[in-house]
Amino acid sequence: MPIPAFLYGTAWKEDRTPALIELALRMGFRGIDTANQRRHYDEAGVGQGLAAAYRAGVATRADLFLQTKFTYRNGQDHRLPYDPAADLATQVAQSLASSLEHLGTDHVDSYVLHGPASSRGWTDADAEVWAAMVKERDAGRTRLLGVSNVGLWHLEQMLAAGAEAPAFVQNRCFARLGWDREIRAFCRDRTIVYQGFSLLTANPEVLRHRLVAGIAAHCRATPPQVVFRFAQAVGILPLTGTSDAEHMTQDLASRALSLSADEVRAIESLAG
Ligand SMILES: NC(=O)c1ccc[n+]([C@@H]2O[C@H](COP(=O)([O-])OP(=O)(O)OC[C@H]3O[C@@H](n4cnc5c(N)ncnc54)[C@H](OP(=O)(O)O)[C@@H]3O)[C@@H](O)[C@H]2O)c1
């Protein structure tokens with residue numbers, strides 16, 4: 001399964017998770033992002049939505065790119081997918097085994113460290129978790145690995161410590177940071193795919209901006225569609241977690257918009 005051009009995000013959907021996953025697949029999404037973190041995601045509900053879509057003949061497992069995450073204890077509530085007394089490598093193995101059960105599959109396509117243990121740097125705990133994730137990949141339980149919520153310093157320290165580079169970096173993408181310009185450049189130089197979330201919610205000033213409104217009018221599109229098309233044009237793999245069928249269609253259709261190189265440059269430097 002090649003990496004799809006858009007990922008459908010499954011956070012904060014609670015009871016609506018199964019129906020929204022099935023709807024997203026019906027509307028054409030083939031990439032799903034989730035996490036074994038019950039506080040924000042209902043991964044078992046994602047699995048129910050996938051099963052319903054398989055039963056209805058909407059898609060098969062082989063058509064899909066499934067991504068989930070390992071989340072440290074401090075990012076979880078009381079509903080843990082592992083024994084908190086176990087060592088970190090065991091927690092990773094238990095969390096992924098639970099994810100595979102939730103998702104009804106024997107492997108995911110991408111397994112992501114939800115966030116490093118410290119905002120200050122890549123710690124021994126991260127190195128231990130990453131080594132356990134590499135072991136899971138080598139055992140065939142995930143095809144690819146990623147890290148999320150990282151600063152440039154995490155990535156630099158991770159690689160300087162000799163760790164294998166991730167296939168993905170997934171970050172909240174702020175326009176005022178040049179759309180995470182430094183990390184995107186780091187990723188580009190190492191053929192790491194940069195996944196951007198909160199492209200709309202982190203950037204209300206962009207959605208309101210005259211320039212974006214003008215481009216949207218000229219393309220007969222909406223400002224969110226322009227943002228998603230811009231993201232793809234600069235090499236960002238976008239996520240959307242829309243709950244609205246029409247927005248699902250619009251988000252996927254944004255791929256067909258044509259932005260000029262000047263328009264892309266102007267949006268890139270709009271806010272930072
Ligand atoms: N790694 C992490 O720590 C992390 C953190 C946050 C999120 N994520 C992932 O990223 C996914 C996306 O999260 P997000 O933070 O980007 O927020 P989101 O849940 O995707 O919210 C996007 C907002 O934009 C609206 N929207 C989407 N398409 C639109 C359109 N075409 N026109 C107008 N409004 C539109 C949605 O409203 P409607 O529902 O009404 O369309 C919603 O209010 C999550 O589900 C999760 O999988 C990861």
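In the predicted model, the shell around the ligand is made up of seven nonpolar, 14 polar and five charged residues. Of the 26 residues around the ligand, those that come nearest are Asp-33, Gly-241, Thr-242, His-247 and Asp-251. Several short distances between polar atoms link the protein to the ligand. A polar side-chain atom of Asp-33 is placed 2.6 Å from an oxygen atom of the ligand, and an N or O atom in the side chain of Asp-251 is 2.7 Å from a ligand nitrogen atom. The backbone also takes part, with an N or O atom of Gly-9 lying 3.4 Å from an oxygen atom of the ligand. The ligand taken alone exposes 900 Å², of which the protein buries 80%. Two or more residues of the shell are given by each of β6 (168-172), β8 (236-240) and α10 (245-253). The largest share, three residues, comes from α10.

Asp-33, one of the residues that come nearest to the ligand, belongs to strand β2. Asp-33 counts as buried because its relative accessible area is 3%, under the 20% cut-off. Beyond its neighbours within four places in sequence, Asp-33 is in contact with Tyr-8, Gly-9, Thr-10, Tyr-41, Gln-67, Lys-69, Gln-170 and Leu-239. Two of these contacts involve polar side-chain atoms: the side chains of Asp-33 and Gln-67 are joined by a polar contact of 2.7 Å, and a polar contact of 2.8 Å links the side chain of Asp-33 to that of Lys-69. Asp-33 and Leu-257 are separated by 224 residues in sequence and by 24 Å in space, C-alpha to C-alpha.

Strand β2 (31-33) is also among the elements against which the buried residues of α1 pack, together with β1 (7-9), α2 (43-55) and α10. In helix α1 (residues 17-27), the buried residues are Thr-17, Pro-18, Leu-20, Ile-21, Glu-22, Ala-24 and Leu-25. Gly-28, just after α1, adopts a positive phi of about 120 degrees.

In soluble globular proteins, nonpolar side chains tend to be buried together. The largest nonpolar core of the model holds 66 residues, and Leu-50, Val-147, Val-169 and Trp-179 touch the most other members. When neighbours within four places in sequence are left aside, Trp-179 is in contact with Cys-173, Phe-174, Arg-184, Leu-199, Asn-203, Val-206, Val-227, Phe-230, Ile-267 and Glu-268. A second, separate core has six residues, including Leu-7, Phe-168, Leu-237 and Leu-239.

Asp-180 follows in the loop between β6 and α6 (181-189). Although not a glycine, Asp-180 has a positive phi of about 60 degrees. With a relative accessible area of 11%, Asp-180 is buried. Asn-149 likewise is not a glycine yet has a positive phi, of about 55 degrees. Asn-149 is located in the loop between β5 (142-148) and α5 (152-160). Its relative accessibility of 36% makes Asn-149 partly exposed, since that class falls between the 20% and 50% cut-offs.

Gln-225 is situated in helix α9 (residues 223-233). The relative accessible area of Gln-225 is 9%, so this residue is buried. Apart from residues up to four places away in sequence, Gln-225 touches Gln-250, Ala-253, Ser-254 and Leu-257.

Conventions. Residues numbered from 1 in each chain as written. Predicted model: local features only at pLDDT ≥ 70, side-chain atom pairs only at ≥ 80, totals over all residues. Heavy atoms only, no water. Near = heavy atom within 4 Å. Polar contact = N/O pair within 3.5 Å; in protein donor to acceptor, adjacent residues only side chain to side chain. Areas by Shrake-Rupley, 256 points an atom, 1.4 Å probe, with all protein chains shown as cover. Helix = DSSP H or I, 4+ residues; strand = E, 2+ residues; numbered from the N terminus. Nonpolar A, V, L, I, M, F, W, Y, C, P; charged D, E, K, R; others polar. Core = buried A, V, L, I, M, F, W, Y, C linked by side-chain atoms within 4.5 Å. Buried < 20%, exposed > 50% of the residue type's maximum accessible area, 1.4 Å probe, protein only. Contact = heavy atoms within 4.5 Å.
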